[in-house]
Amino acid sequence: MGNKPELSISQVVNMSFGFLGIQMGFALQNGNASRILQTFGADVEHLSLFWLAAPITGMIVQPIIGHYSDRTWVRLGRRRPYILVGALLTTLTLLLMPNAALFTALLPPLWIGAGLLMFMDASINVTMEPFRALIGDNLPSSQRSLGFSVQTFLIGIGAVVGSLLPYILTNYLGFSGTAAPGHVPANVIYSFYAGGLVLLLSVLWSVLKTKEYSPSELKSFAENKTETAESTAAFGLSTIVRDIKEMPAVMKKLGWVQFFSWFALFMMWVYTTPAIAESVFYLKAGSRQDLYMEAANWVGVLFGIYNGVSAIYALFIPKIAKRYGRSKTHAFGLIVGGLSLISLFLIKDATLLVIPMLGIGIAWGSILAMPYAILSDHLPPTKMGVYMGLFNFFITLPQIVCGFFGGMIIKFLFQSQSIYGLLLAGVFMFLAAFFVPKSKQ
């Protein structure tokens, strides 16, 4: 049995460079989907229902892509063909989504916008899942914290650019930040165009610069040769059911952590713009429409800040995890995130909202790296893709639950005051920290 050689920093960066563009597109979706859907007529209490399209497609797509990428080997490799196809589809959707109003002759714009949101997330999942598995495929255990931290750093950079683009285009390049009723502002439209271009180019860089181990090489690295042969021979979607039953115990424990932390994130993404508009910007003089757009642009800046912090924090995660352990490192990040989300409920000054974004950035950086680093050491090499895909269940399920019940919670429990959704998100972050399992490293 051989050991996987350690890769250089440049090789690790090249392998994950596509995440820069993926997260740029994801940030544009997160920061502007609610605005786009409300522009096309969605009510605030219904926003979480439209956002259900994203986790539902992720729950379906990621395990299937993981399962088949485990068993694919073509000239381009096993993971890279899926990465490339997903990138092409995501780029196309980024070009179409802000222009949904142009297709009103076919369907109502709200339907088209929701459909494109679903298709965009499906495409992003096709691209993203193989990138996660690639870290497990190519890196030895000693470098996996580094590998996922590099991904987190690139995710942070891409998200900063994606979050800030509408603000930059309006305030520095002269693009309009407002539009006629039923139309998306020019700053959002051209931000989506730029995001699509960067996504495609960055993914192409990873595809061309990364080599993959062949199936025979991966077998030589496997700790259990019999298990490897059996799992490679098994084929078909029915084996996913068996894989679920044989899920490692650590993966089940991490499922609770993912459930509470991603429920909190989903609440934050969906309700931050209306919450900040109501609790901060509507306190000023001006029309509701103008103040809402001002709030939406500022939320883009705030999201850019927390993503920037996550990128910087990712550089320190490997050393922190090495000293204190992966579990304690992740629990710390979640606690800081919980405190920060709760503080959003208390702050009434737009500028001071920057402060809690620092803590949310630490939590986000940890969420993107540590669960995967903890999990990867407990997965068989030949099932890295399918289990990384199944692990996505614990990300999508809380979003689906939040999507169904989040709007009702906001409307009936909180009397349509979105800011209380952020308070609830903070409580859920604390619960996630409580369930973090102990890890050996």
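**Rings and cavities in a predicted model**

Mentor: H6 gives the largest share of the lining of the largest cavity, five residues. Keep in mind that this is a predicted model, where local features need pLDDT of at least 70, side-chain atom pairs count only at pLDDT 80 or more, and totals for chains, interfaces and linings use all residues. Residues are numbered from 1 along each chain as its sequence is written, and side-chain values use heavy atoms, with hydrogens and water left out.

Trainee: What makes H6 a helix here?

Mentor: Helices are DSSP runs of H or I with at least four residues, numbered from the N terminus. H6 spans 109-138.

Trainee: And what makes the space a cavity?

Mentor: On a 1 Å grid over the protein atoms alone, a cavity is a set of points where a 1.4 Å probe fits but cannot get out; lining residues have an atom within 4 Å of a point. The largest cavity holds about 300 Å³, with volume taken as the space filled by probe spheres set on the points, which are joined across faces, edges and corners. Of its 25 lining residues, Phe26, Met128, Trp262, Asn392 and Ile395 are the closest to the centre.

Trainee: Why is the pair of tryptophan 256 and phenylalanine 435 called stacked?

Mentor: Rings of Phe, Tyr and Trp (its six-membered ring) pair if their centres lie within 6.5 Å; planes under 30 degrees apart count as stacked, over 60 as edge-to-face and the rest as tilted. Here the centres are 5.9 Å apart and the planes at 25 degrees, so the pair is stacked. Tryptophan 256 is in H12 and phenylalanine 435 in the segment after H18, so this pair ties together parts 179 residues apart in sequence.

Trainee: Why is phenylalanine 435 called partly exposed?

Mentor: Buried means under 20% relative accessible area, exposed over 50%, and partly exposed in between (1.4 Å probe, protein chains only). Phenylalanine 435 has 32%, so partly exposed is the right label.

Trainee: How do you know that tyrosine 372 and phenylalanine 391 are edge-to-face?

Mentor: Their centres are 5.6 Å apart and their planes at 85 degrees, so they pass both the pairing and the edge-to-face cut-offs. Both tyrosine 372 and phenylalanine 391 are buried.

Trainee: What makes arginine 132 sit over the ring of tyrosine 372?

Mentor: A charge sits over a ring if NZ of Lys or CZ of Arg is within 6 Å of the ring centre and within 35 degrees of the ring normal. The charged end of arginine 132 is 4.2 Å from the centre of the tyrosine 372 ring. Lysine 209 lies over the face of tryptophan 205, 5.0 Å from the ring centre.

Note on methods. Helix = DSSP H or I, 4+ residues; strand = E, 2+ residues; numbered from the N terminus. 1 Å grid on protein atoms, 1.4 Å probe; cavity = no way out; pocket = protein on both sides within 12 Å on 5 of 7 lines; lining within 4 Å.
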